[in-house]
Amino acid sequence: MSPMLIALGAMFLQQTFASVGKTLPAVVAPLVIAELHADPAWVGVYYGLSAAASLFAQMGCGSFIIRYGALRMSQVALVLLGGGMAAAAEGGLLGFGASAVVGGGGAAVSTPTSSQLLGRVSPPRLAPLVFSIKQTAVPAGLLICGFLGPAMAVALGWRGAMLATAVACVTGAAILQPLRARFDDDRVPSRRFRLSDFRATIASVLTARDLRALSFACFAFNGIQSVFTAYFVTYLVALGYELAAAGFLFSLTVAIAVPCRVLWGWLGSFYLAPRLVMAGLALGTAGSVALTGLFSAAWPTAAVGLVAAMVSATAVSWHGILLSETARLAPSGRVGAVTGGVLSFGQIGALAGPLIFSLLLHLTGDYGAGWAVCAVPALWVGISLLRPLAPAEHRGAMTAETPRVKAP
């Protein structure tokens, strides 16, 4: 098999495990809330804390990826996520705090590592499609979690479901071990982590206009996706759905993101400029999220599912296009670090989104205000991406880069 296909399969596997581990707390949240007599707003606090840990992890992971290799850091990410899930099973405030920080921070490294690896072995023309296929692992993990999460929680209890997921994450890390020598041959053992890496990572994306635009788009998209992942099941339960039915509908609608991510990558590789694809996704996100805030118990399940599918097709399907553009614009050998910089803005969105949503829910006692506020950044991004490029930017967008590193 070609190095590209092997790398794609390995990174798909690790991101599927990461997606399951990050989503499970949201799926079992109604059971945790009922047992611990907690305020539903704490779901947003948990994911906000996780996003804060992810922000620091992604800003500082570049040197570790260069030193230890993308494959090794993918394994580390899964082990840390498994540890976080095990900590959550303790059930107390300390356990969930450790889960958010350790698990969330660990899982956040999975995307920069996969971008570093796939950036080496993917032809530039096919990069949007390859990255989009890899990123279908995220909705695949959401789908698996939505179907199996409630069933595991019923059979094992929510604590047992957390522990089972922890074991699965560590197993996933072990499965990747045979590929380490093949794909980590570019590592630089002499590279050291420095505190200045945080500043350098942010500066690398803010000083480049195209990367800055991608960072702001990532902020909007990731913030909405985090709110949708954290609150959709709980939102449906509040509207009167049974947990199993809410989890099933969540999984069914998220499944739409799997073919949609591939479709957007295909369009971005062969037919439309990735910038225009992202603009369409942003505008679709704004409209569908605004409609989500209008749900009520009187809405037919089919209508709820249709709107949720629109959210899934847009707000949960942007990753491949954005990440492939990031890899294209990154300096040679720094794809992982630059990807971490762009994604760090996404983590700021993932931090702000659930926290603002939680605050509005606490203040108003209603979910509608939070969904309406979430639509605003996506609308702004969509409009800004539709603005014509300056002549210099247009020439840069039409210039395809040659492969930076020979495939192993």
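The packing of the interior, one helix, a surface patch and several single residues are described here for a predicted model.

The largest nonpolar core comprises 116 residues. Within this core, the residues with the most contacts are L118, M162, F228, L322 and W371. The element that contributes most to the core is helix α12, spanning residues 209-238, which supplies 15 residues. For L118, when residues up to four places away in sequence are left aside, the contacts are A7, L8, M11, V130, F131 and K134.

Helix α12 also contains T229. This residue has a relative accessible area of 11% and is therefore buried, the cut-off being under 20%. Beyond residues up to four places away in sequence, T229 touches T23, A26, L142 and F250. F250 is itself one of the buried residues of helix α13.

Helix α13 covers residues 243-254. Its 12 residues should span 16 Å at 1.5 Å a residue, and the C-alpha atoms at its two ends lie 16 Å apart, so the expected and modelled values agree. Buried positions in α13 are L243, A246, G247, L249, F250, S251, T253 and V254. In an α-helix, residues three or four places apart point the same way, because there are 3.6 residues a turn. The partners of the buried α13 residues are spread over several helices: they pack against α1 (3-27), α2 (29-36), α9 (137-175), α12, α14 (257-270) and α16 (301-315).

On the surface, a nonpolar patch is formed by L263, W266, F270, Y271, L272, L276, L283, L379, I383 and L386. Together these residues have about 910 Å² of accessible area. Two or more patch residues come from each of α14, α15 (274-292) and α19 (368-386). Helix α14 thus appears in two settings, since it is among the elements packed against by the buried residues of α13 and also gives residues to the patch. One of the patch residues, F270, is located in α14. F270 has a relative accessibility of 35% and so counts as partly exposed, a class that lies between the 20% and 50% limits.

A further partly exposed residue is P124, whose relative accessibility is 30%. P124 is placed in the loop that connects α7 (110-121) and α8 (127-135). In sequence, P124 and A327 are separated by 203 residues, whereas their C-alpha atoms are 9.1 Å apart in space.

Conventions
Residues are numbered from 1 along each chain as its sequence is written. This is a predicted model: local features need pLDDT of at least 70, side-chain atom pairs count only at pLDDT 80 or more; totals for chains, interfaces and linings use all residues. Side-chain values use heavy atoms; hydrogens and water are left out. A nonpolar core is a set of buried Ala, Val, Leu, Ile, Met, Phe, Trp, Tyr and Cys residues joined through side-chain atoms within 4.5 Å. Buried means under 20% relative accessible area, exposed over 50%, partly exposed in between (1.4 Å probe, protein chains only). Helices (H or I, at least four residues) and strands (E, at least two) are DSSP runs, numbered from the N terminus. Contact means heavy atoms within 4.5 Å. The expected span of a helix is 1.5 Å times one less than its number of residues. Patches are made of residues with over 30% relative accessible area and no salt bridge: like charges are joined within 9 Å, nonpolar side chains (Val, Leu, Ile, Met, Phe, Trp, Tyr) within 5 Å. Accessible areas come from the Shrake-Rupley method with a 1.4 Å probe; for residues, only the protein chains shown count as cover. A salt bridge is a side-chain nitrogen of Lys or Arg within 4 Å of a carboxyl oxygen of Asp or Glu.
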